[in-house]
Amino acid sequence: MTKMTISRGMLGIFAATLVMPVVAQDEPTGFLEEITVTASKRQTTLQDTPIAVSVLSSNDLKDAQIQDIKDLQFLVPSLRVTQLQSSGNTNFLIRGFGNGANNAGIEPSVGVFIDGVYRSRTASALSDLPNLERIEVLRGPQSTLFGKNASAGVISVITAKPSLVETTGSASLTIGEYDQVVVKADVNGPLSDVVGFSLSGSYSSRDGYYDNLAGGDALGQQDRIGMRGQLLFAPSDVLEVRFIADFDSFDEACCGVANLQDGPTGGAVRAIGGNLVPNDPFAYQGYYDFTPENDFLTSGASLQFDYDLNDSVTLTSITAFRSLARFDNVDIDFTSAPLLDPETANRTDTGIDTWTQEFRLSGATDNMNWMGGVYLFDEEVGQETGVLYGDAFRAYADILTGGVPGNSPLNSIEALFGHAPGTFQGSGQGLIDVSTMDDTAFSIFGQVDINLGERATLTLGANYTEDEKDVTFNSTGTDVFSNTDLNSDLTVFGVPLPTVLFGQAFEANTGLPPTPANIAFIESVAPGTSAAINAGVAASISGLQALQFLAPTVNFPNSVESGNTKDDDTTWTVRLAFDLTDDVNIYASAGTGFKASSWNLSRDSRPFPSDQAAIEAAGLNVPNLAYTTRFADPEEATVLEVGLKGQWDYIALNVAVFDQEIKGFQENIFTGTGFNLQNAGKQSTTGVEIDVRWQPTENFQGTFAATFMDPVYDSFVDAEGVDPVTFQRITVDLSGTKPPGIHELSLTAAGRYNFAVGNADGFIRAEYIFEDEVQVIANTPASLASREVSTINASVGLAWENGFEALLWGRNINNDEYLLSAFPSVAQAGSFSGYPNQPRTFGLTVRKYFD
């Protein structure tokens, strides 16, 4: 289906909504309630906000058993969440755009704000948030008001302020499958007439659901502890001060990885005593030689002042400091063979400290609302990563080179260079990388809403952002084999290795020493012999090079690479909204977004090809150095959108038709042992979003939301990747192809029915989530790794007048099976692996409210 065809169809849907019967009512007679939003940093109703935004109320989140932000995708079809090695490696996508997982040098394209404070990494946004008012998901670029790193959208979480009127509280206990236990408690109330407080705590524990057949712990285990406190000081009608502090600790063993295709390396894994469950993405069991560790601690505090300078102007200040500490160690080969040292198999130790400050003035006149401000950002990132070979890796490599453990071509190469047997890829060899990044940024922003008569409003906004990063990278490589240049630099007694191998092969095939006279003689009787032997030598060297997984790189800053990027951009928004009637408004908008350069802090951080000559001239070149990228240039987003919002007595309808693109989209591509960060030329999508709320009676409410999209790489000429068979780096042209993992059709439907049983009020709720089939690995057959989602969740609850509640819930009750993501198996050419979704779970929650 072409983009033009889809665009016309979307416009047809939009046009059809304009001719719906519209009857204005002097007195509302329906059951729908108004929904409050602050998507434009000003409190309005959802229907009066001409922005594509989805709003989830506290009741929606509670009834649907939403545990943290990553579960939101079950209620918002335009939002896609992918969890990888841990909860901290979670990636948010809105309208198919988003990145930020698996690399501390990449901030996400979808900005997450909790009570107005930016969370710069996904791990710092995962938190149990009590007393939620709502969560708003803003779709499309939001850089004008939210600054940098909102080029794809924003998730804004709003919690309730402490009460100055009455003391309330609650306590709850949840039990579920896999020995899940969740305990929560909170209290909220006044300390005086002008000071209120709230305090909450939570504990969550669950066993794993992915069995380790090698005898270790099941994967998927979780232990979480969280605390959050607030103080509200309101000494007068013109001043309000709000202080928030929070702390969350996560201890996980994540996550189960399935073998999708057992390639030629599977036999080698088994030959050295390892095992795997072959070709079964949903076995929910595997073989691992150790239990992964995923620990992270996030904490922070914020202080917000709101002061009315006069009747029409308000000053707001939000100051925040956040800290994130992470430790991950994962069995990245996902087999029971000890290919990697279990102490440092794929260790990542990360610390991130972030300070933010926002000053904002807002006000109103008779025909205009306005807002302006400045935003300051300072962040320090420190990271140490390591991967070291285990006891069995050399035996594994011996088999892959056509030999047997202890006797392979590697032995011959070692002998030629005077190394002791077993030197290459010995236990404990590998890479240790240490990196830092200092990021400072500021934004100046403003927006004005001008009333053009009684029914039309023109919105103009602009934001100037400047972002500077200073990065260091220091890599220490002890892998002797990966540090050996098999092509040119190293020689055997002054003779290049290919020449030595040619002589050995010539003598083995002809029985003659490889003298010039003998070579000429053989060529005279068997032309092409030398060429054939050279081809064999080249193939042999290429096969050996495929096993040089941990090639060294060049540390920086150096005389060629400064380790500095400085970016700036001005983004803007223009929007015209018009009230057709008291119940229906339409809008048209255009806007841009910006995301600054992102740095690759993984072991695949390598100089740009454009720096090769200078690197070599400066004497910085190292053996087997591949020239790829250090960082990805800024993203620049543009969106054109038209929308309709209507609310009548029993039904509310929101429609948005959009054409969105990001130039220089930052792609983080897995290459088998690391990640290559680069820019796609342009990625775009045209789509339509429909959101319906329907409440025909007081006891029933239904919701339906759907997103139709046509995503495409308009230009991605030099996409870096890895050949799944040879494991060599390759460059492919993905222009005109569909980005992996982005569905053309996503929808959610939910219904809730309220009823009474004796002296209790009850409800029953069901949700259906559908995403059409999509390929999840670029440039591979969809049959190898595709995803289609068709999931049902349900809950039933009772609430009594004495404050007790009971909720019986089920997630994925139809046991739908799909892949979250997939990738070429690590150091296993020709094999593929994937992350399966969580299986069906049931549970019971009991809660008591106090007042």
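At 11% relative accessibility, Phe-334 is classed as buried in this predicted model, because the cut-off for that class is under 20% relative accessible area. Phe-334 lies in the loop that runs between β19 (313-329) and β20 (347-365). Its phi is positive, about 55°, although Phe-334 is not a glycine. In general, most residues other than glycine have a negative phi. Phe-334 also belongs to a cluster linked by ring pairs, together with Tyr-178, Tyr-209, Tyr-210, Phe-282, Tyr-284, Tyr-288, Phe-823 and Tyr-835.

**Aromatic pairs**

The structure holds 26 aromatic pairs. One of them joins Tyr-210 and Tyr-288 in an edge-to-face arrangement, with 6.4 Å between the centres and 65° between the planes. Tyr-210 is in the loop between β12 (195-206) and β13 (211-212), and Tyr-288 is in the loop between β17 (285-286) and β18 (293-308), so this pair ties together parts that are 78 residues apart in sequence. Both Tyr-210 and Tyr-288 are buried.

A second example is formed by Trp-599 and Phe-631, whose ring centres are 4.7 Å apart with the planes at 45°, so this pair counts as tilted. Trp-599 sits in strand β28 (residues 598-599) and Phe-631 in strand β29 (residues 631-632), so the pair links distant parts of the chain, 32 residues apart. Trp-599 has a relative accessible area of 3% and is therefore buried. Phe-631, with a relative accessible area of 18%, is buried as well.

**Charges over rings**

Two arginines have their charged ends placed over phenylalanine rings, as listed below.

| Charged residue | Ring | Distance from ring centre |
|---|---|---|
| Arg-95 | Phe-658 | 3.9 Å |
| Arg-326 | Phe-296 | 5.9 Å |

**Nonpolar cores**

The largest nonpolar core has 58 residues, and within this core Ile-413 and Tyr-835 have the most contacts. At least two residues each are supplied by α4 (266-271), α5 (393-400), α6 (409-416), α7 (497-510), α9 (529-545) and β42 (819-824). The largest share, 5 residues, comes from α7. Leaving out residues up to four places away in sequence, Ile-413 touches Phe-424, Leu-486, Leu-497, Leu-501 and Leu-544. Another core, of 30 residues, lies apart from the largest one and includes Leu-56, Leu-61, Leu-75 and Ile-155. Tyr-835 connects two parts of this description, being among the residues with the most contacts inside the largest core and also a member of the ring cluster that contains Phe-334.

**Helix α5**

Is α5 mostly covered or mostly open? Helix α5 is mostly covered, with 6 of its 8 residues buried. The buried residues are Phe-393, Arg-394, Ala-395, Tyr-396, Ala-397 and Asp-398. Among the elements that cover them are α4 and α6. Both of these helices, like α5 itself, each supply at least two residues of the largest core. Just after α5 comes Gly-402, with a positive phi of about 95°.

**Asn-812**

Asn-812 resembles Phe-334 in its backbone, in that its phi is positive, near 55°, in a residue other than glycine. Asn-812 is found in the loop between β41 (804-811) and β42. With a relative accessible area of 5%, Asn-812 is buried. Apart from neighbours within four places in sequence, Asn-812 is in contact with Thr-791, Ile-792, Asn-793, Asn-837, Gln-838, Pro-839 and Arg-840.

**Cis peptide bonds**

In general, most peptide bonds are trans. A cis bond joins Cys-254 and Cys-255, with omega at about 0°. Cys-255 is found in the loop between β15 (239-253) and β16 (258-261). Phe-556 and Pro-557 are also joined by a cis peptide bond, with omega at about 10°. Pro-557 is located in the loop between α9 and β26 (564-579), and α9 is one of the elements that supply at least two residues of the largest core.

Terms used. Residues numbered from 1 in each chain as written. Predicted model: local features only at pLDDT ≥ 70, side-chain atom pairs only at ≥ 80, totals over all residues. Heavy atoms only, no water. Core = buried A, V, L, I, M, F, W, Y, C linked by side-chain atoms within 4.5 Å. Buried < 20%, exposed > 50% of the residue type's maximum accessible area, 1.4 Å probe, protein only. Helix = DSSP H or I, 4+ residues; strand = E, 2+ residues; numbered from the N terminus. Contact = heavy atoms within 4.5 Å. Phe/Tyr/Trp six-rings, centres within 6.5 Å; stacked < 30°, edge-to-face > 60°. Lys NZ or Arg CZ within 6 Å of the ring centre and 35° of its normal.
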